[in-house]
Amino acid sequence: MALDRASPNFGPRIKADQEQGLSLLVIHYTGMQTCAEALEHLCDPGAMVSAHLVIDLDGTVHRLVAETHRAWHAGKSYWRGISDVNSASIGIELVNPGHKFGYEPFPDPQIARLIEISEQIVASHHIPPAGVVGHSDVAPGRKADPGELFPWNRLAKAGLGLWPAPENSEISENPWTDLALIGYAVPGDPSRGGAILEPQTAEKDVIIAFQRHYLPEAISGVLDLQTQKRIHSVAEELS
Ligand SMILES: [Zn+2]
């Protein structure tokens, strides 16, 4: 079921910042106790936030902003050379209380509906697997959603997003170069792919963002052997 509930919180997509076209799908959780509360917030002109779609626990879809418009969901963020993520993306919010109010696993009907809708979005806008990401991927340190309980592996089985092949066990020789290749903002000089990080964003935040997505069983913020192997495996999926 799809319900229309228009949010006033959107603007035109900005072409100058959209060289790659609409190339990203950003997944969020609402981080609020109920769907009603989240819809209220995302439609409040004073809140100045929104998303294109909200998916409730039972799979009900609420359409807030037309896909042609720039919804205000990502905030200050960066992915694969894009620093105006809102202009280049579709944003989907999943109802979940989030880390603040008792983080819960995402129910099956919600994920099934997300996959169905994402397949349509990715096909119609030609969004590559590397462009299907979480809010935490594009805003390390600042955001933790959709979080470590989000089933990225299940989405990848449907062709949505990258997921490493398990048999690959080589270590990344240049983990920061690989992280930049995957899409993350990396600290340091632009030859490493970035210098896009906010001054307050630490290298540790980027490692945590990577682990939250690709190594959710071991979120440490440490660039250890296991993490370097996983970084290599994910980067390999791009070559
Ligand atoms: Zn978010």
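Here are some exercises on a predicted model, each with a worked solution.

**Exercise 1: the sheet**

Work out the order in which the six strands of the open sheet are arranged, and find its edge strands.

*Solution.* Start with the order, which reads S1-S5-S4-S7-S3-S8. The pairing in this open sheet is mixed. Next, look for strands that pair on one side only: these are S1 (2-4) and S8 (132-134), the edge strands. Finally, check the twist: ignoring direction, neighbouring strands are turned by 25 degrees against each other on average.

**Exercise 2: one strand pair and a helix**

Take S4 and S7: in which sense do they pair, and over how many bridges? Then find out which strands helix H1 lies across.

*Solution.* Strand S4 covers residues 53-55 and strand S7 covers residues 89-94. Their pairing is parallel, with three bridges. For a landmark, pick Leu53, which sits opposite Ile92 in S7. Now bring in helix H1 (residues 35-42): H1 lies across S4, S5 (61-63) and S7. Its direction makes an angle of about 170 degrees with S4.

**Exercise 3: two helices crossing**

Describe how H7 and H8 cross, and say which residues meet there.

*Solution.* A helix pair is described by two values, the angle between the axes and the distance between them. Take H7 (residues 203-214) and H8 (residues 225-236): their axes come within 11 Å and cross at roughly 70 degrees. Angles of 65 to 115 degrees count as roughly perpendicular, so H7 is roughly perpendicular to H8. As for handedness, the crossing of H7 and H8 is left-handed.

Then go residue by residue. H7 brings Ile207, Phe210, Gln211 and Tyr214. On the other side, H8 brings Thr227, Arg230, Ile231 and Val234. Sorted by class, the contact of H7 with H8 has five nonpolar, two polar and one charged residues.

**Exercise 4: where the domains touch**

Find the bounds of the two domains, then describe the side of domain 1 that touches domain 2.

*Solution.* First, the bounds: the domain assignment gives domain 1 as 2-157 and domain 2 as 175-236. Their C-alpha centres are 22 Å apart. Second, count the contact: domain 1 puts in 16 residues, and domain 2 puts in 16 residues. Third, ask which elements give two or more residues to the domain 1 side; the answer is S8 and helix H4 (135-138). You've already met S8 as an edge strand of the sheet. Last, sort the domain 1 side by class: seven residues are nonpolar, five polar and four charged.

Technical notes. Residues numbered from 1 in each chain as written. Predicted model: local features only at pLDDT ≥ 70, side-chain atom pairs only at ≥ 80, totals over all residues. Axes fitted to C-alpha atoms, helices over the stretch in contact; angles between N-to-C directions. Helix = DSSP H or I, 4+ residues; strand = E, 2+ residues; numbered from the N terminus. Parallel < 35°, antiparallel > 145°, perpendicular 65-115°, else oblique. Left-handed = near helix turned anticlockwise from the far one by under 90°. Contact = placed C-beta atoms within 7 Å. Nonpolar A, V, L, I, M, F, W, Y, C, P; charged D, E, K, R; others polar. Pairing = 2+ DSSP bridges. Domains from an automatic or database assignment.
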